[in-house]
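This report looks at charged pairs and at one helix. The sequence and the model come first.

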Amino acid sequence: MERIEAIAKQMKAGLEWANTTDCQSYAQCLNALAAVSHLCKCARHSKEVDEVSFKALEVYNKSVSRQHPNFATELSNISHRRLEQGRDLDAEKFAIESLQIYRKVLPSQSHDTAYSLWLLGRVYLNSGQNKEAGNRLAEALDIVNSSCVTDLTFYTLLTFAEWQAVVGQKEESEKNLQKALEIMEQVIGNHDRDGRANALCRVGRCWAALGRYDESEESARKALGLLPDVSEDQYNLMNAYTLLGRCLVAQSKNVEAQYVLEKLLEVQQGLKLRGNTDRGTTLHYLGVCLLDQNAYERAEGLLRESLDIRVHCLVENDIRTASTYYELGRCLLLLGKRQEAKPLMRQRLEMARRRVEGNSSLRHGNVDQI
């Protein structure tokens, strides 16, 4: 705790210095911001990391150019944080801008370009925009395969394998998943507990997309074993609980699923994620879990809250929103509220009609896209 407080004081001092420094001395200012950003990450202060990133963008914009590659790097870093926070629309916006800059100022095979492509691929995969996701991930994979193996190679190949599972290319997906697991052992050591827990959660998502819930559940439990409840990285803890809850629901282990999902809501409450898409996912799964236990009234409330979050925070026709329309409609039918259920079911069908042409995600079940 004393170490964290000491880091917090250094962060505050660094930010105050950066805010009073003439932007003409941008090199020194940016060096200071980079050091402060590192301290913020060490202390798990995501709000302060954001503050540093936006200050760096301001300095670049005033002193150099928005077309500077380091400007794009800050944008992609913000995009990644927004993606981890469940803020997909913001993540997409920052990733697109960073990619546009990289394409202008860097060689075509730059790893920075691959990073932005991977971020966009993840955003599109989350929302069920599978054609766009496949295009971005394939391009990113071409780039990372042309140079030495890094953690980006692992994550890109793994996400591509997840996409293959979603669109029904199961055999190819399993082959790439096995390759990704081999790479993980090379690039993410056992000493990096947070990094390995994050990697295991991503592996678990891929297993779930393949319908291999036993393996997915095992990955989630391994990740949780690396992240005790007192872990400073609450987002990693949240991701592990989310994965485990999804797997348990998919396997109809409803009693344990309810316990895990209610615990997950507590973690999200601590992170103040009331209007966050990850909270919307948790509410959705907990609602489905209670629905399967015939607790219809409580399930209705949770599913309504989930739908409200998803409608406001996700892109139009997002597959996750469509799923909540369906589950809430099913709940209302079970409660005998037939007239209330009809418009929800119609909306779900209309969303499916708009999306199904050229998109196989609605024809192949995927627990991670719900």
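## Glu340 and Arg304

Glu340 is partly exposed in this predicted model. Its relative accessibility is 39%. Arg304 is also partly exposed, at a relative accessible area of 35%.

Glu340 and Arg304 form a salt bridge. Their closest N and O atoms are 3.0 Å apart. Glu340 sits in helix H17 (residues 338–356) and Arg304 in helix H15 (residues 296–313), so the salt bridge ties together parts that are 36 residues apart in sequence.

## Glu185 and Arg196

A salt bridge also joins the side chains of Glu185 and Arg196, with an N to O distance of 2.7 Å. Glu185 belongs to helix H9 (residues 170–187) and Arg196 to helix H10 (residues 193–209), so this pair links parts that are eleven residues apart in sequence.

Is each partner buried or partly exposed? Glu185 is partly exposed, because its relative accessible area is 47% and the buried class ends under 20%. Arg196 counts as buried, because its relative accessibility is 12%, under that 20% cut-off.

## Asp318 and Arg320

Arg320 and Asp318 form a salt bridge, with 2.9 Å between the closest N and O atoms. Arg320 is buried, with a relative accessible area of 8%. Asp318 is buried as well, at 1% relative accessibility.

Asp318 has a further contact. Asp318 caps the N-terminal end of helix H16. One of its side-chain oxygens lies 2.8 Å from the backbone nitrogen of Arg320. Asp318 thus contacts the side chain of Arg320 through the salt bridge and the backbone of Arg320 through the cap.

## Helix H16

H16 spans residues 319–334, 16 residues in total. From its first C-alpha to its last, H16 reaches 23 Å. That is close to the 22 Å expected at 1.5 Å a residue.

How many of the 16 residues in H16 are buried? Twelve are, and the helix is mostly covered. The buried residues include Ile319, Arg320, Thr321, Ala322, Ser323, Thr324 and Tyr325. Farther along H16, Glu327, Leu328, Gly329, Cys331 and Leu332 are buried too. Just after H16, Gly336 takes a positive phi of about 80°.

## Salt bridges overall

Side chains of opposite charge can pair when their charged atoms come close. The structure holds 23 salt bridges. Some are joined in a network: Glu217, Arg221, Lys253 and Glu256 are linked this way.

How values were computed. Residues are numbered from 1 along each chain as its sequence is written. This is a predicted model: local features need pLDDT of at least 70, side-chain atom pairs count only at pLDDT 80 or more; totals for chains, interfaces and linings use all residues. Side-chain values use heavy atoms; hydrogens and water are left out. Helices (H or I, at least four residues) and strands (E, at least two) are DSSP runs, numbered from the N terminus. The expected span of a helix is 1.5 Å times one less than its number of residues. Buried means under 20% relative accessible area, exposed over 50%, partly exposed in between (1.4 Å probe, protein chains only). A polar contact is a pair of N or O atoms within 3.5 Å; within protein, one must be able to donate a hydrogen and the other to accept it, and residues adjacent in sequence count only if both atoms are side-chain atoms. A salt bridge is a side-chain nitrogen of Lys or Arg within 4 Å of a carboxyl oxygen of Asp or Glu.
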